[in-house]
Amino acid sequence: MAEESDLRFMRMALELSARGRAIAPPNPSVGCVIVKNGVVIGRGYTQKAGGHHAEIEALQDAAGRGADVAGATVYVTLEPCSHYGRTPPCAKALIDHRVGRVVAAMTDPNPLVAGKGLAMLEAAGIPTERNVLQKEAWESNRGFFTRMTRGTPWVKLKAGVSIDGRTALENGQSQWITGEASRADVQRLRSESGAVLTGIGTVLADDCRLTARPAGRDPSSVRQPLRVVADSQLRMPEAARVIGEGGCLVACATADGIRAAALRSRGAEVVSLPGADGRVNLRELLVELGRREVNDLLVEAGSVLNAALLRAGLVDEIVLYVSPMLIGRGRGLWELGPYQSLSQAEKWSYHSVARLGEDLRIDLRKN
C-alpha cells in the first residue's frame, strides 16, 4: 500500500502530465515531481518529440530554483526511459544527479524500456517503487499504451447529438446541434489526437477541414492531427479543403491510378487497403496508423463509417455531446442491426458524464 505522501505527489505528477497531451505525441505525456524533505523542488512534463522528457524538465526546474536534487525522491507517471532515442535515457540522468528514490506510476510497455529503466536505477543503488496510481497513469496515456501493446491507436468515436439521438435533420443540417462549450471540447480532442478519421460521405456533404483550432491558441502553435478519409472508390474532390490543409491520408480500396495521381498532385497521400467487401479494410487502416506512430484516433464520421467500425469491434471509446434538443425525424448515429433480441445488442458502460454549458458529455467504454 502506497504512503499517503506518495499518492499526493503522484497526483501532482499526473496533473502535470495532462499539460503535455497536445504536444508530446507520439511520445507519452509524462509528468514528474521532485521532492526533498517534503517540499517540491522541481516539476516538469514531456515536451514535443525531440524535446526534453518530464524528468529532464523537472531536473532543470530544480536547478533553476537553486535546489540540490541529491537524495531527493522523484515521482514520475511512467518508468524513466533507459535507451537512446530522440533524447538520451532519463534513467541515466537521474543516476548522474544522485537522486535518492524513484517512484513510478507504472512500468513502460514499450519493448525498448519494459522495466529496464527501473532496473538501471536499482543497479545504481537507487531504490524504486512502481504501480502507484497505476490505473490513473494508464488512463492518462491510454493511446500510447494501446499502440505499444496491440500496434493500433486508441479509437475514440465522437458525435454531437440531440436528446433523441439525431446527428442532423433529414436534409443534413447539423450546425449547430451542440453548444459552444461542446464544440470547444472537440477542438481540444482534435489537438490531442494523432489523427482524425472521417468518411468520404462527410467530406462530400460538409467539405470539412478537420483541423484543430483550440480557443485562445495561435493556430501555428497547434500540432495538427493527420486527417484520414476512408474513401473506398476515390470520390475525393481534388479541391476538398481537407486536402488543402495539408497532412491528409486517403485510404481507398481501388486501383484507380489516375484518380490517385490527381489527389497526390494536390498534396494528399493515397494508400490502397482493400477489404473482402470491396471497401477499405478498417482493421488494416488502424495497423497502418499504428505504424505511423498515431496513439489516439478521433473518429468524426457519419452513420455508415461509425457502424462499420462498431461492427468490426474497432471502437474503444464513444464520446457523445448530447444537446437538450428534440429533432424528431433526422439522421442517426450509426446503422446497426436490426437485432432479433436485446441479447444481441452491444453493451457499453458509462465511464464519465459531465456538463458542458447546456450539453452533456457522455463517455462510454465497451463492456
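User: Buried means under 20% relative accessible area, exposed over 50% and partly exposed in between, with a 1.4 Å probe and protein chains only. What percentage of the 367 residues of the chain count as buried?

Analyst: This is a predicted model, in which local features need pLDDT of at least 70, side-chain atom pairs count only at pLDDT 80 or more, and totals for chains, interfaces and linings use all residues. Residues are numbered from 1 along each chain as its sequence is written, and side-chain values use heavy atoms, without hydrogens and water. Of the 367 residues, the share that counts as buried is 50%.

User: Why does the radius of gyration of the chain agree with a compact globule?

Analyst: The radius is taken over C-alpha atoms, and the globule rule is 2.2 Å times the number of residues to the power 0.38. For 367 residues a compact globule would have a value near 21 Å, so there is agreement with the chain's 23 Å.

User: Among contacts between residues at least 6 apart in sequence, what percentage join residues at least 24 apart?

Analyst: A contact means heavy atoms within 4.5 Å. Of the contacts in the chain between residues at least 6 apart, the share joining residues at least 24 apart is 68%.

User: Which residue in strand 3 stands opposite Ile 34?

Analyst: Strands (E, at least two residues) are DSSP runs numbered from the N terminus, and two strands pair if DSSP finds at least two bridges between them. An open sheet of 5 strands has mixed pairing and the order 2-1-3-4-5. Within this sheet, strand 1 (residues 31-36) pairs with strand 3 (residues 73-76) in the antiparallel sense over 4 bridges. Opposite Ile 34, in strand 3, stands Val 74.
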